[in-house]
Amino acid sequence: LLTRAGKNVQIKGKPIYLGYGISEPEHGWDDLAGYDLKGKVVIIKYGFPTSKESQDKFPSELKRKYRPGRGEPAKIAKLNEAGVALVLQLPTRMMANRWEFIYHIENTRLNRETSYEISKGASVFSVHPEFRDMLFNGERNSPEDKDAPYKTFELQSSVVAADLSFQVKEYKSPNIVGAVEGTDPELKNELIVIGAHLDHVGVT
């Protein structure tokens, strides 16, 4: 599991697969419709439905908002409003292929300010591809079946049990500024600005 946001919780139950987890009823699309999600475990995918999955019914004006990596906070905010306890996000193909690298980056970075409403709602995890396969083993429908009609459903063969506890620590990270004066009498008055940042501990 890869932590996205954390809140202490104990839970056990059948998870509900909510497709992409997008709730925009005013635009004619609501993956959350028809479910009582309070205290539940839900499974969602990154991004938005392809034209084939949605049969060209997903509103084009929402594609920019929900493109992978950008639209997840909006999804989580709606799930928090619905009272969801635990969110399991299925990996994209890119994530599945580079899982070890992404796991190292996400679990060692210091800046968590962009986490999805951290500690204010549901606990949010991205799951390993093998865990995804375990969840949907024995189900009639699978999110990996690109030819099946797009649908949401409660899983019948899997039960998720979790006892989660988190600790939050604060760190101070200084900004460093330096200047090196040039030696050329004419060019030294021209400025070149170079920026760098340490995104993740142990990654350069």
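In this predicted model, helix 2 is followed by Gly83, whose phi is positive, near 85°. The helix itself spans residues 72-81. Its buried residues are Glu72, Lys75, Ile76, Leu79 and Asn80. Seen down the helix axis, these residues fall within an arc of 135°, so they line one face of helix 2. In general, an α-helix has 3.6 residues a turn, so residues three or four places apart point the same way. The cover over the buried residues of helix 2 includes strand 6, strand 7 and strand 8.

Two of these covering elements are paired with one another. Strand 7 (residues 86-90) and strand 8 run parallel and are joined by four bridges. Within this pairing, Leu88 has Phe125 of strand 8 as its bridge partner. Strand 8 covers residues 123-126, with Ser123 and Phe125 pointing one way and Val124 and Ser126 the other. Side chains in a regular strand alternate between the two faces of the sheet. In strand 8, the residues pointing either way are all buried.

Aromatic side chains form a further set of contacts, with a count of seven aromatic pairs. In one of them, the ring centres of Trp29 and Phe58 are 5.2 Å apart and the planes stand at 85°, so the pair is edge-to-face. The two residues come from distant parts of the chain, 29 residues apart: Trp29 belongs to strand 5 (residues 29-30), whereas Phe58 sits in the loop between helix 1 (51-54) and helix 2. Both Trp29 and Phe58 are buried. Phe58 also pairs with Phe48; here the centres are 5.6 Å apart and the planes at 5°, so this pair is stacked. Phe48 lies in the loop between strand 6 (41-45) and helix 1, 10 residues from Phe58, and this pair too links distant parts of the chain. The partners differ in burial: Phe58 has a relative accessibility of 6% and counts as buried, while Phe48, at 25%, is partly exposed. Ring pairs link Trp29, Phe48 and Phe58 with Tyr20 and Tyr150 into a cluster.

Charged side chains contribute six salt bridges. One of these joins Glu24 to Lys65, with the closest N and O atoms 2.7 Å apart. Glu24 is in strand 4 (residues 23-24) and Lys65 in the loop between helix 1 and helix 2, so the salt bridge ties together parts that are 41 residues apart in sequence. Glu24 is buried, at 3% relative accessibility, whereas Lys65 is partly exposed, at 39%.

Another group of charged residues is centred on Arg132. The side chain of Arg132 meets that of Asp133 in a salt bridge, at 3.1 Å from N to O. Arg132 forms a salt bridge with Glu144 as well, the closest N and O atoms being 3.8 Å apart. The latter pair links distant parts of the chain, since Arg132 is in helix 5 (residues 129-136) and Glu144 in the loop between helix 5 and strand 9 (153-154), 12 residues apart. Arg132 is buried, with a relative accessible area of 12%. Its two partners are partly exposed, Asp133 at 43% and Glu144 at 38%. Together, Arg132, Asp133 and Glu144 are linked in a network of salt bridges.

Terms used: Residues are numbered from 1 along each chain as its sequence is written. This is a predicted model: local features need pLDDT of at least 70, side-chain atom pairs count only at pLDDT 80 or more; totals for chains, interfaces and linings use all residues. Side-chain values use heavy atoms; hydrogens and water are left out. Buried means under 20% relative accessible area, exposed over 50%, partly exposed in between (1.4 Å probe, protein chains only). Two strands pair if DSSP finds at least two bridges between them. Rings of Phe, Tyr and Trp (its six-membered ring) pair if their centres lie within 6.5 Å; planes under 30 degrees apart count as stacked, over 60 as edge-to-face and the rest as tilted. The arc is that of the directions from the helix axis to the C-beta atoms. Contact means heavy atoms within 4.5 Å. A salt bridge is a side-chain nitrogen of Lys or Arg within 4 Å of a carboxyl oxygen of Asp or Glu.
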